[in-house]
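Thank you all for making the time this morning. I would like to walk through one model with you, and I will ask you to keep the sequence and the structure in view while I talk.

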Amino acid sequence: MNKKIIIFTVLITNITFAYALPVEVREVSTTSESRKNSETLASMSVEALHERGLEKDTAKNKVLQSLKHGEHLSHIMAQNIIKHFDEVEHNDIVSHISDAALFGKSIDLSSYEHLISFAQKTKKLTLDQGNLEKLQKISLENQSFANLS
């Protein structure tokens, strides 16, 4: 009888952990994926500048100096842009960041004017009324992200 109770208890415990662990693992992997992508955004921009002939240290300094809101927050803002526009890809934003950093321009993904400039340079977005409204919404959301941090 005691063996049956122990086996039953072990089975119930294992089933409970089997359902509980994926949630925790998912949260941890999402956090680590976000950090990985954040580093990737900056590192991809650095790599793009390095391919253009800059030394890696110089490229890294230029990218970090250009990102007004830092690596992590800029990544969150970039993901917000990608979420609203199916046409825009991660590489488009990396290209924009590396171009701006090369010329020492500030990158503010919460600025409506900066987002319009980005949209014009990607040539993937038309600046019709619907997209202008989306850009304004993204700008407001990104500004709220900046205010929270």
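Of the 149 residues in the protein chain, 31% count as buried, and I should say at once that this is a predicted model. The accessible surface of the chain comes to about 9,700 Å², and carbon and sulfur atoms account for 56% of that surface. As for secondary structure, the chain has 6 helices and 0 strands, so that reading from the N terminus the order is simply α-α-α-α-α-α. If we take the contacts with a separation of 6 or more, 66% of them are between residues that sit 24 or more positions apart.

Let me turn to the interior. The largest nonpolar core has 27 residues, and the residues with the most contacts inside this core are Val63, Ile81, Phe85, Val88, Ile93, Ile97 and Leu109. Helix H1, which covers residues 2–51, helix H2, which covers 56–66, and H3, H4, H5 and H6 each supply at least two residues of the core, while the largest share, 5 residues, comes from H4.

Which residues does Val88 touch, leaving aside its neighbours within four places in sequence? Val88 is in contact with Ile81, Ile82, Ile93, Phe118 and Leu125. One of these partners, Phe118, belongs to the buried residues of helix H5, residues 112–122, which are His114, Leu115, Ile116, Phe118, Ala119 and Thr122. The buried residues of H5 pack against helix H3 (70–84), helix H4 (90–102) and helix H6 (129–148). Just after H5, Lys123 takes a positive phi of about 60°.

Staying with H6 for a moment, Asn131 is found in that helix, and is Asn131 buried or exposed? Asn131 has a relative accessible area of 13%, and because the cut-off for buried is under 20%, Asn131 counts as buried. With its neighbours within four places in sequence set aside, Asn131 is in contact with Phe85, Leu125 and Thr126.

Now to the charged pairs, where the count comes to 4 salt bridges, and I will go through some of them. Asp99 forms a salt bridge with Arg52, with the closest N and O atoms 2.3 Å apart. This pair links distant parts of the chain, since Asp99 is in helix H4 and Arg52 is in the loop between H1 and H2, 47 residues apart. Asp99 is partly exposed at 29% relative accessibility, and Arg52 is partly exposed with a relative accessible area of 45%. Asp99 also lies 8.1 Å from Leu49, C-alpha to C-alpha, although the two are 50 residues apart in sequence.

The side chains of Asp108 and Lys68 meet in another salt bridge, at 3.5 Å from N to O. Asp108 lies in the loop between H4 and H5 and Lys68 in the loop between H2 and H3, so this pair ties together parts that are 40 residues apart in sequence. Asp108 is buried, with a relative accessible area of 13%, whereas Lys68 is exposed, with a relative accessible area of 51%.

Finally, Lys56 forms a salt bridge with Glu47, the closest N and O atoms being 3.1 Å apart. Lys56 counts as partly exposed at 44% relative accessibility, and Glu47 likewise counts as partly exposed, at 30%. I will stop there and take your questions.

Notes
Residues numbered from 1 in each chain as written. Predicted model: local features only at pLDDT ≥ 70, side-chain atom pairs only at ≥ 80, totals over all residues. Heavy atoms only, no water. Helix = DSSP H or I, 4+ residues; strand = E, 2+ residues; numbered from the N terminus. Buried < 20%, exposed > 50% of the residue type's maximum accessible area, 1.4 Å probe, protein only. Contact = heavy atoms within 4.5 Å. Areas by Shrake-Rupley, 256 points an atom, 1.4 Å probe, with all protein chains shown as cover. Core = buried A, V, L, I, M, F, W, Y, C linked by side-chain atoms within 4.5 Å.
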